[in-house]
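Open the model in your viewer and keep the selection box at hand. The stops below say what to pick next and what is there.

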Amino acid sequence: MPVPWLQVVDAALGVANFVRGRKAPSPPEEPSLQLEAGGRGSGGLEARLAGVVVAALREAFERDTRRLDLERQQAEAERERAERALRLELQRQATDREIARLRLLAGVGVTAWLGTIVVSARLIAGGVGARVSLGCGWLLLLGAIAASFTAQSGAAAAAGEIAGNGQRPGAIGSSTASAFALWLLLCGLVLVGVAALLA
């Protein structure tokens with residue numbers, strides 16, 4: 001914006017020249033006093049005009065500085081908002097993956113339990129060891145299903161709490177119930193397999 005300021009300075013100099021040209025001439029008998037008075041008058045006017053121009057420039061610079069500070073603050077707030085949205089999205093995806101894994105564990109547990117019920121007549125017909133192994137396997141499979149459902153509800157509640165209160169999310173990983181469900185499922189399948197071997 002240098003062109004408007006040059007126009008302001010040109011206008012100020014034009015006004016100074018106009019005022020200087022309109023002054024009434026002093027008496028001719030005192031030329032030295034006339035020169036001194038003219039020098040003081042035009043110097044005072046030019047000093048005032050220069051002061052006005054400097055004040056206007058300072059105000060414009062301060063206004064530009066405030067505007068730049070405001071834009072910088074807005075950009076920083078927008079960046080923080082975008083980072084928070086990205087963290088929440090990553091957290092949501094991690095929660096969805098964990099819940100899908102827990103549902104898979106529950107599905108495998110239910111399928112294994114129902115499958116052993118279908119063939120339970122042949123397994124129960126075996127010896128006492130097969131019956132005990134089958135009973136313990138069923139208990140472990142049912143425990144795996146229950147632990148999987150518990151871990152799913154915990155993950156969903158944690159995700160809802162993080163999204164609801166707007167705090168910075170932490171990592172939702174495999175909980176204790178999730179790991180417990182996996183081990184119960186594996187042990188239950190092993191015991192059902194042992195029961196099938198003993199039958």
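## Start on helix 2

Select Leu104, which lies in helix 2, residues 31–118. The model is a predicted one. Is Leu104 buried or exposed? Its relative accessibility is 59%, over the 50% cut-off, so Leu104 counts as exposed.

Now add Val108 and Leu189 to the selection. Together with Leu104, they make a nonpolar surface patch of about 250 Å².

## Zoom out

Show the whole protein chain as a cartoon. It has 5 helices and 0 strands. Trace it from the N terminus and the elements run α-α-α-α-α.

Switch on the surface. The accessible surface of the chain comes to about 13400 Å². Carbon and sulfur atoms account for 67% of that area. Of the 199 residues, 21% count as buried.

Next, think about which parts of the sequence meet. Take the contacts between residues at least 6 apart in sequence: 84% of them join residues at least 24 apart.

## Salt bridges along helix 2

The whole structure holds 10 salt bridges. Visit three of them, going along helix 2.

Select Asp64 and Arg67. Their side chains meet in a salt bridge, at 4.0 Å from N to O. How far apart are Asp64 and Arg67 along helix 2? They are 3 residues apart, so about one helical turn separates them. Asp64 is partly exposed, with a relative accessible area of 30%. Arg67 is also partly exposed, at 42%.

Move to Glu78 and Arg81. Here the salt bridge is 2.4 Å, N to O. These two are again 3 residues apart in helix 2, about one helical turn. Glu78 has a relative accessible area of 47% and is partly exposed. Arg81 is partly exposed at 49%.

Go on to Glu89 and Arg92. Their side chains form a salt bridge of 2.5 Å, N to O. Both residues lie in helix 2, 3 residues apart, about one turn of the helix. Glu89 is partly exposed, with a relative accessible area of 31%. Arg92 is partly exposed too, at 42%. Salt bridges that share partners also join Asp64, Arg67 and Glu71 into one network. Add Glu71 to your first pair to display that network.

## Into the core

Hide the surface and select Leu105, Leu134, Leu141 and Leu185. These are the residues with the most contacts inside the largest nonpolar core, which has 14 residues. Which helices each supply at least two residues of this core? They are helix 2, helix 4 (128–165) and helix 5 (176–198).

Centre on Leu141 and list its contacts, leaving out residues up to four places away in sequence. Leu141 touches Gly109, Ala112 and Trp113, and also Leu185, Gly188, Leu189 and Val192. One of these contacts, Leu189, also belongs to the surface patch with Leu104 and Val108.

## Along helix 5

Select helix 5. It has 23 residues. From its first C-alpha to its last it reaches 33 Å, close to the 33 Å expected at 1.5 Å a residue.

Colour its buried residues. They are Ser178, Ala181, Leu184, Leu185, Gly188, Val192 and Ala195. Three of them, Leu185, Gly188 and Val192, are among the contacts of Leu141.

## Ser148 in helix 4

Pick Ser148, found in helix 4. Is Ser148 buried or exposed? With a relative accessible area of 0%, under the 20% cut-off, Ser148 is buried.

Leave aside its neighbours within four places in sequence. Ser148 is then in contact with Leu102, Arg103, Leu105, Ala106 and Ala181. Now draw a distance from Ser148 to Leu105. The C-alpha atoms are 6.7 Å apart in space, and the residues are 43 apart in sequence.

## Last stop: helix 3

Select Ile124, in helix 3, residues 120–124. Ile124 counts as partly exposed, at 38% relative accessibility. Not counting residues up to four places away in sequence, Ile124 touches Arg131 and Leu134. Leu134 is one of the core residues you selected earlier.

Finish with a distance from Ile124 to Gly135. They are 11 residues apart in sequence and 9.5 Å apart in space, C-alpha to C-alpha.

Notes
Residues numbered from 1 in each chain as written. Predicted model: local features only at pLDDT ≥ 70, side-chain atom pairs only at ≥ 80, totals over all residues. Heavy atoms only, no water. Helix = DSSP H or I, 4+ residues; strand = E, 2+ residues; numbered from the N terminus. Buried < 20%, exposed > 50% of the residue type's maximum accessible area, 1.4 Å probe, protein only. Contact = heavy atoms within 4.5 Å. Areas by Shrake-Rupley, 256 points an atom, 1.4 Å probe, with all protein chains shown as cover. Patch = residues over 30% accessible without salt bridge, like charges linked within 9 Å, V, L, I, M, F, W, Y side chains within 5 Å. Core = buried A, V, L, I, M, F, W, Y, C linked by side-chain atoms within 4.5 Å. Expected span 1.5 Å × (residues − 1).
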